[in-house]
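User: I would like to go through this model and ask, for each label attached to it, what the label rests on. Could you take me through the reasoning step by step?

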Amino acid sequence: MLRRLVLLLALAAMAHGVTLRKWIAAHEKTCYFASVDVPFKKVAFYFAVHQGGNFDIDFEVEGPNNRQLFKGEAERQGDYVFTATQIGEYAFCFKNGLASFADKLVEFDITVEDEARPEDIAKRTKRDEVASSAVTIASDLQQITKFMKYFRLRENRNFATISSTESRIWWFSALDSLCVVLVAVVQVYAIQALFTAKRTRL
C-alpha cells in the first residue's frame with residue numbers, strides 16, 4: 001500500500017499544470033506564463049474557444065528572449081507539445097482580433113513536465129506490475145480528459161448554434177406577423193379610399 005502511494009505521488013510530481021477558463025473581451029490581449037527551471041522539459045499547451053463570435057481566437061507562444069515558437073490566427077482550438085530547451089518564462093498569449101466585436105470564453109491548459117514520458121517510465125518498470133499499471137491508468141485518464149474537453153466544446157458550440165437559430169426564427173416570425181398586419185391595414189385603407197372616391201363622384 002505504501003509503495004503504491006509513493007508511486008502515485010511520484011507520478012503526480014512529474015508534471016504540474018493548470019486549467020483555466022477566461023472571458024477575453026473584444027480587442028483584448030492577455031498572456032499567461034509558465035516557468036521552466038530545468039532545460040529539456042516537456043511543455044503541453046491546449047486551448048479551445050467555448051463561446052463567442054465564430055469560436056476563434058488569435059494566439060502565440062513565446063519562449064525566453066521573446067523568441068516566437070507558435071502563432072495562429074482565427075484558431076478554434078489547438079494542442080501543442082514542445083521541448084523547452086531554455087530556462088526561463090514561456091508566454092502563452094491570446095488576442096481577440098480586431099475584426100471581432102464579441103467577448104470569447106477560452107479554456108486552456110498549460111502543463112510543464114519532465115522529459116521522461118509515462119511511456120518511458122513504463123519501459124523502465126516492466127518488472128514492476130504496479131508501476132506499469134499506474135502509468136497506464138494515468139495515461140488513459142489523460143486521454144479521457146481530452147475526450148471530455150472535446151465533447152464539452154462541441155456541446156457548447158452546438159448549443160450556441162441552436163440558440164442563434166432559435167433567436168433568428170423568433171425575429172423572422174415576429175417580422176412576418178408584422179408584415180401581415182401591415183398589409184391588412186393597407187388593404188383596409190385602400191378599399192375604404194376606393195369606395196370614398198366612388199361616392200364623391202356620384
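Analyst: The answers below set values against cut-offs, beginning with the reminder that this is a predicted model.

User: Why is Glu 107 called buried?

Analyst: Buried means under 20% relative accessible area, and Glu 107 has 2% relative accessibility, so this residue counts as buried. Glu 107 lies in strand β8, which covers residues 104-113.

User: Which residues does Glu 107 touch, leaving out residues up to four places away in sequence?

Analyst: With contact taken as heavy atoms within 4.5 Å, the residues that Glu 107 touches include Thr 19, Leu 20, Arg 21, Tyr 46, Phe 47, Lys 149 and Arg 152. As for Lys 149, its C-alpha atom is separated by 9.2 Å from that of Glu 107, although the two residues are 42 residues apart along the chain.

User: What makes the pairing of the Glu 107 and Arg 152 side chains a polar contact?

Analyst: The cut-off for such a pair of N or O atoms is within 3.5 Å, and the side chains of Glu 107 and Arg 152 make their polar contact at 2.5 Å.

User: What polar contacts does the side chain of Asp 109 make, and is Asp 109 buried or exposed?

Analyst: Asp 109 is also found in strand β8, and its side chain is joined to that of Thr 111 by a polar contact of 3.3 Å and to that of Lys 149 by one of 3.1 Å. Because buried means under 20% relative accessible area, the 15% relative accessibility of Asp 109 makes this residue count as buried.

User: How do you know that a disulfide joins Cys 31 to Cys 93?

Analyst: A disulfide requires cysteine sulfur atoms within 2.5 Å, and the S to S distance between Cys 31 and Cys 93 is 2.0 Å. The pair links distant parts of the chain, with Cys 31 in strand β2 (residues 29-36) and Cys 93 in strand β7 (residues 88-95), 62 residues apart. The structure holds 1 disulfide.

User: Why is the disulfide of Cys 31 and Cys 93 called right-handed or left-handed?

Analyst: The torsion about the S-S bond of Cys 31 and Cys 93 is about 110 degrees, so the disulfide is called right-handed.

User: Why do Cys 31 and Cys 93 get the accessibility labels they have?

Analyst: Partly exposed lies between the 20% and 50% limits, so Cys 31, at 30% relative accessibility, counts as partly exposed, whereas Cys 93, at 6%, counts as buried.

User: What makes β2 and β7 a pair of strands?

Analyst: Pairing needs at least two bridges, and β2 and β7 pair in the antiparallel sense over 8 bridges. Within this pairing, Tyr 32 stands opposite Phe 92 in β7. The two strands belong to an open sheet of 4 strands in the order β2-β7-β4-β5, with antiparallel pairing.

User: What makes β2 and β5 the edge strands?

Analyst: Each of β2 and β5 pairs on one side only.

User: What is noteworthy about the phi of Asn 65, and is Asn 65 buried or exposed?

Analyst: Most residues other than glycine have a negative phi. Asn 65, however, has a positive phi of about 65 degrees although it is not a glycine, and its place is in the loop between β4 and β5. Exposed means over 50% relative accessible area, so Asn 65, at 72% relative accessibility, counts as exposed.

Definitions and conventions:
Residues are numbered from 1 along each chain as its sequence is written. This is a predicted model: local features need pLDDT of at least 70, side-chain atom pairs count only at pLDDT 80 or more; totals for chains, interfaces and linings use all residues. Side-chain values use heavy atoms; hydrogens and water are left out. Buried means under 20% relative accessible area, exposed over 50%, partly exposed in between (1.4 Å probe, protein chains only). A polar contact is a pair of N or O atoms within 3.5 Å; within protein, one must be able to donate a hydrogen and the other to accept it, and residues adjacent in sequence count only if both atoms are side-chain atoms.
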